[in-house]
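Work through the exercises below with the sequence and the coordinates at hand. Each task is followed by a solution in steps.

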Amino acid sequence: MYIAAAGTALPPHRYDQEALIDAFKSQWQGVHHNVERLAAIHRNALVGGRNLALPMEAYLDLDFERANQAYIDVAVPLGAEALEQALSRAGVSPEQVDVLCFVTVTGLAVPSIDARLMNRLPLRADLKRMPLFGLGCVAGAAGLARVSDALKPGQVGALLSVELCSLTLQRGDFSLENIVASGLFGDGAAAVVVRADGEAPRGLPEIVDTRSIFFPDTERVMGWDFGSGGFKVVLSAQVPHIARDSLRPGVEAFLGAHGLSIDDIERFVCHPGGPKVLEGVADGLELPDGALDASWASLRTVGNLSSASVLMVMSQTLDEPPPPGSWGLLMAMGPGFCAELVLLRWLT
Amino acid sequence: MSVSPDLPTLVTLIRAHLPDPSAAPAEITAETPVAGGLAMDSLSLLKLVVAIEDTFEICLEEGDGEALRTVGDLLALIQLRLDEAST
């Protein structure tokens with residue numbers, strides 16, 4: 001079973017971080033005394049710019065109902081674009097897909113976005129759909145693991161993530177958690193095609209194994225609260241500490257089951273949660289300099305796209321594969337609090 | 001209109017931003033250490049700084065935290081920034 005291709009799609013409304021900061025400043029003024037401190041929080045996210053689902057001025061008129069309708073209106077075409085790109089790169093037609101897993105945590109849709117894609121793309125009527133809501137940032141890794149679990153020999157699976165984080169923005173919430181999140185998260189979609197029809201061709205990674213890790217009694221570390229205004233972010237300072245202190249034992253146990261250690265991993269495909277999270281992962285796993293460069297680059301370019309981010313990093317990794325025989329580790333963390341690991345190997 | 005900086009006001013602000021009130025000392029005085037003594041994580045500390053700036057209508061500087069040892073030092077810093085703003 002192997003990853004055959006990835007595809008990505010970003011909404012067209014691109015703003016650099018300073019333009020976004022200027023817009024936020026007008027919201028913060030009158031509520032917080034020192035708006036430069038809040039601007040510094042946004043700059044410290046080390047995000048250069050973000051693509052938004054809507055033009056900036058459209059956010060002023062959003063309530064929960066309008067924001068969620070915008071989520072559906074944008075998620076369907078953006079998801080279709082990412083999925084079609086991944087399928088095209090894999091040389092697979094939509095009719096060949098047997099399993100489609102759709103992950104999101106930034107909008108609600110029933111029928112789910114994957115069902116709406118059935119009416120847009122020539123997907124088969126007997127396609128097994130797997131919409132997953134609520135895994136948050138971990139869902140890129142978890143979804144890849146679930147697709148690989150679900151595929152039978154000879155089948156083709158696809159994972160699609162669409163995250164429109166900007167549509168969850170609470171303009172009336174001036175809490176530090178909301179201000180931190182509004183400086184970090186962006187919008188985008190990513191898809192990965194998985195094939196279970198033989199060995200991986202040269203340059204493509206085999207999915208060797210997957211592992212779920214749950215950290216007990218961490219429910220308030222990250223997540224959403226829901227109110228009349230929609231999604232309200234739950235974010236604690238514990239996230240980087242868990243990355244630094246709690247991830248390593250699970251990673252070592254997982255790799256150890258395959259006779260491997262962290263030093264044996266040539267390529268890390270890590271969800272770019274934020275600067276402190278990436279630093280925590282690198283410190284906790286004692287990674288060499290540059291090991292997470294692809295994740296840092298993704299963060300800098302588009303921000304944290306929740307579950308889509310690790311798949312964007314995977315797409316970049318497929319474009320620049322390591323030498324044959326290399327091991328790779330795809331990993332992400334998310335609400336629960338939890339982590340998901342996928343062991344990859346580029347065959348010789 | 002800004003609030004006058006006194007110890008009870010500052011202690012009330014600190015208590016409102018403790019991530020785990022049960023881990024904080026029963027009594028917070030001018031001698032209570034800021035680092036370590038209040039069991040604050042980075043996000044709580046940032047929230048406290050913003051609350052201090054909003055309450056007293058001052059701007060704390062990047063290096064202000066380095067010389068702070070106690071809650072009393074923090075109160076003196078707030079007064080200093082207020083004095084600078086009024087001159």
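Helices here are DSSP runs of H or I with at least four residues, numbered from the N terminus. By that numbering, Ser182(A) is placed in helix 6 of chain A. The model is a predicted one.

**Exercise 1. Describe the surroundings of Ser182(A) in helix 6 of chain A.**

Step 1. Burial is assigned under 20% relative accessible area. Ser182(A) has 9% relative accessibility and therefore counts as buried.

Step 2. Setting aside residues up to four places away in sequence, Ser182(A) touches Phe24(A), His42(A), Arg50(A) and Leu169(A).

Step 3. With His42(A), the contact of Ser182(A) is a polar one between the two side chains, at 3.2 Å.

**Exercise 2. Characterise the contact of chain A with chain B by its residues and buried area.**

Step 1. Chain A contributes 15 residues to the contact, and chain B contributes 13 residues.

Step 2. The two chains bury about 1,200 Å² between them, and 61% of this is on carbon and sulfur atoms.

Step 3. Of the area that chain A buries against chain B, 48% comes from His33(A), Arg37(A) and Leu176(A), more than from any other three residues.

Step 4. Next come the polar terms. Seven residue pairs, both members at pLDDT 80 or more, are in polar contact between chain A and chain B. On the chain A side, the elements that give two or more residues are helix 2 (35-44) and helix 6 (176-184). The residues on that side are seven nonpolar, five polar and three charged.

**Exercise 3. How many salt bridges are there between chain A and chain B, and which residue of chain B pairs with Glu177(A)?**

Step 1. The count between the two chains is two salt bridges.

Step 2. One pairing is Glu177(A) with Lys47(B), whose closest N and O atoms are 2.5 Å apart. A salt bridge requires the nitrogen to lie within 4 Å of the carboxyl oxygen.

Step 3. The two side chains meet at 2.5 Å, N to O. Lys47(B) belongs to helix 2 of chain B and Glu177(A) to helix 6 of chain A, so this pair joins two chains.

Step 4. The partners can then be classed by accessibility. Glu177(A) has a relative accessible area of 14% and is buried, whereas Lys47(B), with 25%, is partly exposed.

**Exercise 4. Place the salt bridges within chain A in the overall count.**

Step 1. Over all chains, the count comes to 17 salt bridges.

Step 2. Asp126(A) and Arg124(A) form one of them, at 2.7 Å from N to O. Arg124(A) is partly exposed, with a relative accessible area of 26%.

Step 3. Asp63(A) and Arg66(A) also meet in a salt bridge, at 4.0 Å from N to O. Asp63(A) counts as partly exposed at 37% relative accessibility.

Step 4. A network of salt bridges links Glu18(A), Lys25(A), Glu36(A) and Arg43(A).

**Exercise 5. Which residues of helix 1 (residues 7-16) of chain B are buried, and which are exposed on the other side?**

Step 1. The buried residues are Leu10(B), Val11(B), Leu13(B) and Ile14(B). They span an arc of only 160 degrees around the axis, which means that they are on the same side of helix 1 of chain B.

Step 2. An α-helix has 3.6 residues a turn, so residues three or four places apart point the same way.

Step 3. Pro8(B), Thr12(B) and Ala16(B) are exposed on the other side of helix 1 of chain B.

Step 4. The cover over the buried residues of helix 1 includes helix 2 (42-56) and helix 3 (71-86) of chain B.

**Exercise 6. Are the loop residues Leu18(B) and Ser112(A) buried or exposed, and what do they touch?**

Step 1. Leu18(B) is in the loop between helix 1 and helix 2 of chain B. At 8% relative accessibility, Leu18(B) counts as buried.

Step 2. Apart from neighbours within four places in sequence, Leu18(B) is in contact with Ala24(B), Leu38(B) and Met40(B). Ala30(B) is 12 residues from Leu18(B) in sequence and 17 Å from it in space, C-alpha to C-alpha.

Step 3. Ser112(A) is in the loop between strand 4 (99-104) and helix 4 (113-118) of chain A. Its relative accessibility of 14% makes Ser112(A) buried.

Step 4. Not counting residues up to four places away in sequence, Ser112(A) touches Arg129(A) and Pro131(A).

Methods
Residues are numbered from 1 along each chain as its sequence is written. Chains are lettered from A and ligands numbered from 1 in the order in which they are written. This is a predicted model: local features need pLDDT of at least 70, side-chain atom pairs count only at pLDDT 80 or more; totals for chains, interfaces and linings use all residues. Side-chain values use heavy atoms; hydrogens and water are left out. Contact means heavy atoms within 4.5 Å. Buried area is the accessible area (1.4 Å probe) that two parts lose on being put together, summed over both. A polar contact is a pair of N or O atoms within 3.5 Å; within protein, one must be able to donate a hydrogen and the other to accept it, and residues adjacent in sequence count only if both atoms are side-chain atoms. Ala, Val, Leu, Ile, Met, Phe, Trp, Tyr, Cys and Pro count as nonpolar, Asp, Glu, Lys and Arg as charged, and the others, Gly among them, as polar. Buried means under 20% relative accessible area, exposed over 50%, partly exposed in between (1.4 Å probe, protein chains only). The arc is that of the directions from the helix axis to the C-beta atoms.
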